[in-house]
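Me: I'd like to go through this one with you and ask how each label is earned. Could you show me the value behind each label as we go?

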Amino acid sequence: MQADRQNRNHGVKGGVDAMFKHVFDEMNKMLDGIIKAYPSAQGEQRQELLLRWNVLRQMSDDIIDEWLSFEEKMSRLNALQTPSSELTAMPPETREDAFIKGQGYYQLLMYTQSIEQFDKVLQRYPDSSLARIYKAMAHLQLEELDESWIQLNLLLPLTDHSLLQAIIYNALGCIMAKRGQLERAQQHFMQAIQCDSSLTEPMSNLEACRSRGQLQNGNQLLAML
């Protein structure tokens, strides 16, 4: 019985995967054709290509909106399945639609839209450390270093959570490194390691600082929070 159920579940997943792959394959083919033809297109042909591009953009926006709506419903179902003791321990803002959308946009690398959602959360929950760290990291991903620095320094004295402190110091180190202040960057990475050695990014970034390698700025965030 259990094996039959697993086989059915596997079959359903395979069918869904194939359906989405077909849709995105067709969208990518259309987009590749537009990219190839647009540079040399003129007049009516260029207008036709622009029309097709607008259709693809609208389809993309619609897919993202539907996905975010689906994520909200999944989160509500997850809340119903979560034991009441665990649910009570969760910060109340994490059940807000804006918070769920903000996380969704962050996962989709749509950082500007993510910031907009977390701004809404912070209007209602100005002391939310989770909303502020996501906002700070989104600014960092957009290379908006000054705003990220402000958000991180607003948050740092308000939390005694060692993992969150490590994430903050790691991000501050990345900002210092991007500004060319490598000595201060290394100090921040060392502070991050002291706060929580389970976060591997600060150690990698400390090495990167010394060897002028590639920094890691928040790849572990989604898995940790």
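Reply: Happy to! Let's start in helix α2, where Glu-48 and Arg-52 sit four residues apart, about one turn of the helix. Please keep in mind that the model is predicted.

Me: What makes the contact between the side chains of Glu-48 and Arg-52 a salt bridge?

Reply: The N to O distance is 3.4 Å. A salt bridge needs a Lys or Arg side-chain nitrogen within 4 Å of a carboxyl oxygen of Asp or Glu, so this pair qualifies.

Me: And why is Glu-48 called partly exposed?

Reply: Its relative accessibility is 36%. Buried is under 20% and exposed is over 50%, so Glu-48 falls in between. Arg-52 is partly exposed too, because its value is 40%.

Me: How many salt bridges does a search of the whole structure find?

Reply: The search finds five. One of them joins Arg-124 and Glu-96, with the closest N and O atoms 3.1 Å apart. This pair links distant parts of the chain: Arg-124 is in helix α5, Glu-96 is in the loop between α3 (84-89) and α4, and they are 28 residues apart.

Me: How do you know whether Arg-124 is buried or exposed?

Reply: Arg-124 has a relative accessible area of 56%. The line for exposed is over 50%, so Arg-124 is exposed. Its partner Glu-96 reaches 21%, which means that it is partly exposed, given that buried would require a value under 20%.

Me: Which residue meets the side chain of Lys-178 in a salt bridge?

Reply: That is Glu-143, at 3.0 Å from N to O. Lys-178 belongs to helix α8 (residues 162-178) and Glu-143 to the loop between α6 and α7, so the pair ties together parts that are 35 residues apart in sequence. As for accessibility, Lys-178 has 33% and Glu-143 has 46%, and both therefore count as partly exposed.

Me: What is the phi of Glu-143, which is not a glycine?

Reply: Glu-143 has a positive phi of about 65°. Leu-109, also not a glycine, has a positive phi of about 65°. Leu-109 is in the loop between α4 (97-107) and α5 (111-124).

Me: Why does Leu-109 count as exposed?

Reply: Leu-109 has 58% relative accessibility. Exposed means over 50%, so the label follows.

Me: Let's go inside. Why is Ala-138 called buried?

Reply: Ala-138 has a relative accessible area of 0%. Buried means under 20%, so Ala-138 is buried. Ala-138 is part of helix α6 (residues 129-141). Leaving aside residues up to four places away in sequence, Ala-138 touches Tyr-106, Tyr-111 and Ile-115. With one of these, Tyr-111, Ala-138 has a C-alpha separation of 5.1 Å, although the two are 27 residues apart along the chain.

Me: Where is Ser-148, and what does Ser-148 touch?

Reply: Ser-148 is in helix α7. Not counting residues up to four places away in sequence, Ser-148 is in contact with Ala-136, His-139, Leu-140 and Ile-175. Ser-148 counts as buried because its relative accessibility is 0%.

Me: Back to the surface. Which residues gather in a patch of negative charge?

Reply: They are Asp-61, Asp-62, Asp-65 and Glu-66. Take Asp-65, which lies in helix α2 (residues 43-81).

Me: How do you know that Asp-65 is partly exposed?

Reply: Asp-65 has a relative accessible area of 44%. That value lies between the limits of 20% and 50%, so Asp-65 is partly exposed. Asp-65 also passes the patch requirement, because patch residues need over 30%.

Me: What makes the nonpolar surface patch of about 210 Å²?

Reply: Val-23, Phe-24 and Ile-63 make that patch. Val-23 is found in helix α1 (residues 2-37). At 33% relative accessibility, Val-23 counts as partly exposed, and it can belong to a patch because that value is over 30%.

Key:
Residues are numbered from 1 along each chain as its sequence is written. This is a predicted model: local features need pLDDT of at least 70, side-chain atom pairs count only at pLDDT 80 or more; totals for chains, interfaces and linings use all residues. Side-chain values use heavy atoms; hydrogens and water are left out. Helices (H or I, at least four residues) and strands (E, at least two) are DSSP runs, numbered from the N terminus. Buried means under 20% relative accessible area, exposed over 50%, partly exposed in between (1.4 Å probe, protein chains only). Contact means heavy atoms within 4.5 Å. Patches are made of residues with over 30% relative accessible area and no salt bridge: like charges are joined within 9 Å, nonpolar side chains (Val, Leu, Ile, Met, Phe, Trp, Tyr) within 5 Å. Accessible areas come from the Shrake-Rupley method with a 1.4 Å probe; for residues, only the protein chains shown count as cover. Lys and Arg count as positive and Asp and Glu as negative; His and the chain ends are not counted. The place of a charge is taken as NZ of Lys, CZ of Arg, CG of Asp or CD of Glu.
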